[in-house]
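Dear colleague,

I am handing over the structure we spoke about, and I would be glad if you could look through it at your convenience. My notes on it come after the structure itself.

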Amino acid sequence: MLAVAAGVEPPSAGNPAVDKSVFNLFNPTPTEYLRAMDRDGPGTTESPYTVDAGHFQVEMTLVDYTSDRQSLDGMTKRSEAWAIAPINLKLGLLNQLDAQLVLEPYNLLYERKDGNRLTRRGFGDTRFRLKYNFWGNDSGRTAFAATPYVKFPTSKDGIGNRGVEGGLVLPFEVELPSAFYSGLTTRFDAVRNEREPGYHAEFVNSVEFGRRLFGNLSGYVEFFSVVSTERGADWEGSFDPGLIYNVTKNLQFNVGLNIGVTRSADDWAAFAGMTWRY
């Protein structure tokens, strides 16, 4: 990927016609200078682009359903999870900086084991994030950003792990020939242990390839993996195709399907969402 990036137009080329560094939360970017709307996802690969200064963006998953079935020592455990309207609220602070608040309004979890069924429902955890774009927000064929975050345990018992956690997300994107693009995201998480006190590190990586298919419809495919340093944890991997439809320059809808390719990953998950910018 570095070889590809080295052969394309450098990020400093093609500077915008206006100095957008003068815009901020209280001096919003004029509509005619807004960059193309982008979002974190809809898969797990995140965007290196920030929301323009003084503008607001809503990224909502309307509904998300996850199913998993595991067999161990002759026992079968099946779990199902519904996430209703998880939302990422974004506010552009500066031309290269935005603030994000991620909420999980309602979760519904089912677990079946040995004929017994356990149901949990309620509010999920809350995350606060800041994204800073180092280059590529308004020009060039590559873009890179950093998103530190902290998670607060606001969920009900049994939905979250009741631990304060944090991490750093590093998204990168490059334009490829023939109107293709590729996104790569590396994430470092400090996660609370499940079986003993303390924390462990998790390393999350994803790579995505996408392209406009026809009209306002785009498609992507993604490979996602999680490697945990916790004792006894297996690595998780999934293959994630999806579609994105742009209704206007400020409104889009998306659907996706995440298919587990390792034993420890969820069997599959399907979702539908939308993004709106003001």
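What follows concerns the surroundings of one serine and the pairing of one strand.

Please keep in mind throughout that this is a predicted model.

I begin with S206, which is part of strand β11, a strand that covers residues 199-214. Its relative accessibility comes to 8%, and because buried residues are those under 20%, S206 counts as buried. Leaving aside residues up to four places away in sequence, S206 is in contact with T44, T45, G183, L184, T185, E222, F223 and F224. With one of these neighbours, T45, there is also a polar contact, which runs from side chain to side chain at 2.9 Å.

The second topic is strand β1, which spans residues 56-72 and pairs with strand β3 (residues 87-94) in the antiparallel sense, over five bridges. Strand β1 also pairs with strand β15, made up of residues 268-277, where the sense is again antiparallel and the bridges number 10. E59 is a useful residue for following both pairings, since it stands opposite N88 in β3 and also opposite T275 in β15.

Strand β1 is joined as well to strand β2 (residues 75-84), with 10 bridges between them and the two strands running antiparallel. Within this pairing, D64 has A83 of β2 as its bridge partner.

With best regards

Notes: Residues numbered from 1 in each chain as written. Predicted model: local features only at pLDDT ≥ 70, side-chain atom pairs only at ≥ 80, totals over all residues. Heavy atoms only, no water. Helix = DSSP H or I, 4+ residues; strand = E, 2+ residues; numbered from the N terminus. Buried < 20%, exposed > 50% of the residue type's maximum accessible area, 1.4 Å probe, protein only. Polar contact = N/O pair within 3.5 Å; in protein donor to acceptor, adjacent residues only side chain to side chain. Contact = heavy atoms within 4.5 Å. Pairing = 2+ DSSP bridges.
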